[in-house]
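Here is a short note for someone opening this structure for the first time. Please keep the view at hand while you read, and take the points in order.

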Amino acid sequence: MSVNMSKGQAISLQKSDGGTLTAVRMGLGWQAAPRRGLFGSRTREVDLDASAVLFADKQAVDVVFFRHLVSDDGSVRHTGDNLVGGAGQGGDDEAILVDLQRVPVHIDQIVFTVNSFTGQTFAEVQNAFCRLVDETNGQELARYTLTGGGQYTAQVMAKVHRQGGGWTMTAIGEPANGRTFQDLLPALLPHL
């Protein structure tokens, strides 16, 4: 059963049977919003990019994004760049896979971001979401709707972080500005 998350909400990544998740997928989906013009409505393609920044004690130590598809240790993998978003099917346009068992013990947080590489604002995006899926069985665990439109070009989506002996996901949903994950690093610090 999927949880519709709200900003700031955290959920444990323990399975309902008491086991722990071993692999998750953070999916990102979106559509370009139609714009009304003199000759009717039209859409302009929007290139959103998902990134995962791996932190060890509040220091960024690795990143996975469209130009670096696999973390140095191999535990986090980006499935590839989507330059235009979805056609309304509700599926993932970009995804980042995390093998939680392979994440090195010094990595305590993985922060997921989304940014508009082409610089359009979220006012030009509709039906945007991020979701966490149990990669072993395809079950959606949590979904966070990236709401609000707005005149920003990026968002700090969510993070998975170690808590006790397991992992927890927290929906962040914080608007930011930047075309790349590097531009967003200062906006990530308050959420670590």
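1. Start with helix α1, residues 181-188, in this predicted model. Helix α1 lies across five strands: β6 (48-56), β7, β10 (109-116), β13 and β14. Against β10, the helix runs at about 125°. For the wider setting, the chain has 1 helix and 14 strands.

2. Next, look at the sheet that includes those strands. It is an open sheet of 6 strands, and their order is β2-β14-β13-β10-β6-β7, with antiparallel pairing. At the edges are β2 (10-12) and β7, each of which pairs on one side only. On average, neighbouring strands of this sheet are turned by 20° against each other, direction ignored. As a reminder, strands of a sheet pair through backbone hydrogen bonds, either parallel or antiparallel.

3. Within that sheet, the pairing of β13 with β14 is a good one to trace by eye. Strand β13 covers residues 154-163 and strand β14 residues 166-176, and 9 bridges join them in the antiparallel sense. To find your place, look for Q163, which stands opposite G166 in β14.

4. Now to a residue that brings the helix and the sheet together: V53, which has its place in strand β6. Is V53 buried or exposed? It counts as buried, because its relative accessibility is 2%, and the cut-off for buried is under 20%. Beyond its neighbours within four places in sequence, V53 is in contact with A60, D62, V63, Q109, I110, V111, F181, L185 and L188. F181, L185 and L188 fall within the residue range of helix α1, while Q109, I110 and V111 fall within that of β10. The C-alpha atoms of V53 and F112 are separated by 6.5 Å, although the two residues are 59 apart along the chain.

5. Strand β9, residues 94-99, deserves its own visit. Why can this strand be called largely enclosed by the rest of the structure? The reason is that 5 of its 6 residues are buried. Strand β3 (residues 23-32) runs antiparallel to β9 and is joined to it by 6 bridges; there, A23 stands opposite D99. Strand β8 also pairs with β9 in the antiparallel sense, over 3 bridges, and H78 stands opposite I96.

6. Stay with I96 for a moment, a residue of strand β9. I96 is buried, with a relative accessible area of 1%. Leaving aside neighbours within four places in sequence, its contacts are V24, R25, M26, A50, S51, A52, V64, V76, R77, H78 and F112. From C-alpha to C-alpha, I96 and G27 are 6.5 Å apart in space, yet 69 residues apart in sequence.

7. Loops can be buried too, as S75 shows: this residue lies in the loop between β7 (59-64) and β8 (76-78), and its relative accessible area of 2% makes it buried. Setting aside neighbours within four places in sequence, S75 is in contact with L97, V98, D99, R102, V103 and P104.

8. On to the aromatic rings, where the count comes to 4 aromatic pairs. In one of them, F122 and Y152 are stacked, with 5.1 Å centre to centre and 25° between the planes. F122 lies in the loop between β10 and β11 (125-134), and Y152 in the loop between β12 (139-145) and β13, so the pair ties together parts that are 30 residues apart in sequence. Both F122 and Y152 are buried. Elsewhere, ring pairs link F65, F66, F117 and F181 into a cluster. The charged end of R179 sits over the ring of F117, 4.7 Å from its centre.

9. Finally, some totals for the chain as a whole. Of its 192 residues, 51% are buried. Among contacts between residues at least 6 apart in sequence, 67% join residues at least 24 apart. The accessible surface comes to about 9000 Å², and carbon and sulfur atoms account for 49% of it.

Definitions and conventions. Residues numbered from 1 in each chain as written. Predicted model: local features only at pLDDT ≥ 70, side-chain atom pairs only at ≥ 80, totals over all residues. Heavy atoms only, no water. Helix = DSSP H or I, 4+ residues; strand = E, 2+ residues; numbered from the N terminus. Buried < 20%, exposed > 50% of the residue type's maximum accessible area, 1.4 Å probe, protein only. Contact = heavy atoms within 4.5 Å. Pairing = 2+ DSSP bridges. Axes fitted to C-alpha atoms, helices over the stretch in contact; angles between N-to-C directions. Areas by Shrake-Rupley, 256 points an atom, 1.4 Å probe, with all protein chains shown as cover. Phe/Tyr/Trp six-rings, centres within 6.5 Å; stacked < 30°, edge-to-face > 60°. Lys NZ or Arg CZ within 6 Å of the ring centre and 35° of its normal.
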